[in-house]
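Reader: Hi! I have a new model open and would like to talk through its side-chain contacts. Could you walk me through it?

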Amino acid sequence: MPVSLNHTVVPATDHRAAARFFASVMGLAELPPAGRNGHFAPVRVNGTLTLDFMAVPDPQGHHLAFDVDPETFDGILARLRSAGVPYGNDPGRPDNGSIDHPLCPRGLFFVDADRNLYEVMSPA
């Protein structure tokens, strides 16, 4: 069996709010609470991967990067704009409003309340 990532834990002050924010921006499904006593707030990313948001006292932001097709990128960008969430093409300036990513034709970064840095890259 090849190696595949099943889930990763994303630290958050309020795990349910963080999961809801991420799912709403990315257009993904939130799943019911998981883990012992429901301490994970999972979001289904694809057929094999979930991000499991977990509440911690002092979260240290993670960087999570995603490849998406052009149509998905357009949807994410529209949802960011509609929600007034800052985005940008530079991880040091994720609020500059640009999408001309240095590694792909279109890409952006955005940050959640817990300093998790999300990167979204599209081939066109």
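Reader: Let's start with charges. How many salt bridges does a search of the whole structure find?

Author: The search of the whole structure turns up one salt bridge. The term stands for a side-chain nitrogen of Lys or Arg within 4 Å of a carboxyl oxygen of Asp or Glu. Some ground rules: this is a predicted model, where local features need pLDDT of at least 70, side-chain atom pairs count only at pLDDT 80 or more, and totals for chains, interfaces and linings use all residues. Residues are numbered from 1 along each chain as its sequence is written, and side-chain values use heavy atoms, with hydrogens and water left out.

Reader: Thanks! Which residue forms a salt bridge with Arg106?

Author: That is Asp74, and the closest N and O atoms of the two are 2.7 Å apart. The pair links distant parts of the chain, with Asp74 in helix H2 (residues 70-83) and Arg106 in strand E6, 32 residues apart. Helices (H or I, at least four residues) and strands (E, at least two) are DSSP runs here, numbered from the N terminus.

Reader: Is Arg106 buried or exposed?

Author: Arg106 counts as buried, at 19% relative accessibility. Asp74 is partly exposed, with a relative accessible area of 39%. The cut-offs are under 20% relative accessible area for buried, over 50% for exposed, and partly exposed in between, using a 1.4 Å probe and protein chains only.

Reader: Good. What about Asp112, what is the nearest side chain of opposite charge?

Author: It is Arg115, 7.9 Å away, and Asp112 has no salt bridge although it is buried. For charge, Lys and Arg count as positive and Asp and Glu as negative, while His and the chain ends are not counted. Asp112 sits in the loop between E6 and E7.

Reader: So what does the side chain of Asp112 reach?

Author: The backbone nitrogen of Asn116, at 3.0 Å. That is a polar contact, meaning a pair of N or O atoms within 3.5 Å; within protein, one must be able to donate a hydrogen and the other to accept it, and residues adjacent in sequence count only if both atoms are side-chain atoms. Asp112 also touches Phe21 and Tyr118, not counting residues up to four places away in sequence. Contact here is heavy atoms within 4.5 Å.

Reader: Nice, that brings in aromatics. How many aromatic pairs are there?

Author: The count comes to five aromatic pairs. Rings of Phe, Tyr and Trp (its six-membered ring) pair if their centres lie within 6.5 Å; planes under 30 degrees apart are stacked, over 60 edge-to-face and the rest tilted. The planes of Phe21 and Phe110 are at 70°, with ring centres 6.0 Å apart, so that pair is edge-to-face. Phe21 is in helix H1 (residues 15-26) and Phe110 in strand E6 (residues 106-111), 89 residues apart. At 22% relative accessibility Phe21 is partly exposed, whereas Phe110 is buried at 0%.

Reader: And Phe22 with Phe53, how are those rings arranged?

Author: Their planes are at 45° and their centres 5.9 Å apart, so the pair is tilted. Phe22 is in helix H1 and Phe53 in strand E4 (residues 50-55), 31 residues apart. Both residues are buried.

Reader: Which residues form the aromatic cluster?

Author: One cluster takes in Phe21, Phe22, Phe53, Phe66, Phe110 and Tyr118. Within the strands, Phe110 stands opposite Tyr118 in E7.

Reader: How do E6 and E7 pair?

Author: E6 and strand E7 (residues 117-122) pair in the antiparallel sense over six bridges. Strands count as paired if DSSP finds at least two bridges between them. The two form a hairpin with five residues between them, and Arg115 in the turn has a positive phi of about 70°. Five of the six residues of E6 are buried.

Reader: Switching to Ser122, what does its side chain reach?

Author: The backbone oxygen of Ala124, at 2.8 Å. Ser122 is found in strand E7 and is buried, with a relative accessible area of 1%. Leaving aside neighbours within four places in sequence, its contacts include Val68, Phe73 and Arg106.

Reader: Last one: what is the strand order in the open sheet?

Author: The order is E1-E4-E3-E2, an open sheet of four strands with mixed pairing. Strand E1 (7-12) and strand E2 (29-30) are the edge strands, each pairing on one side only. E2 and E3 pair in the antiparallel sense over two bridges, and Glu30 stands opposite Val43 in E3.
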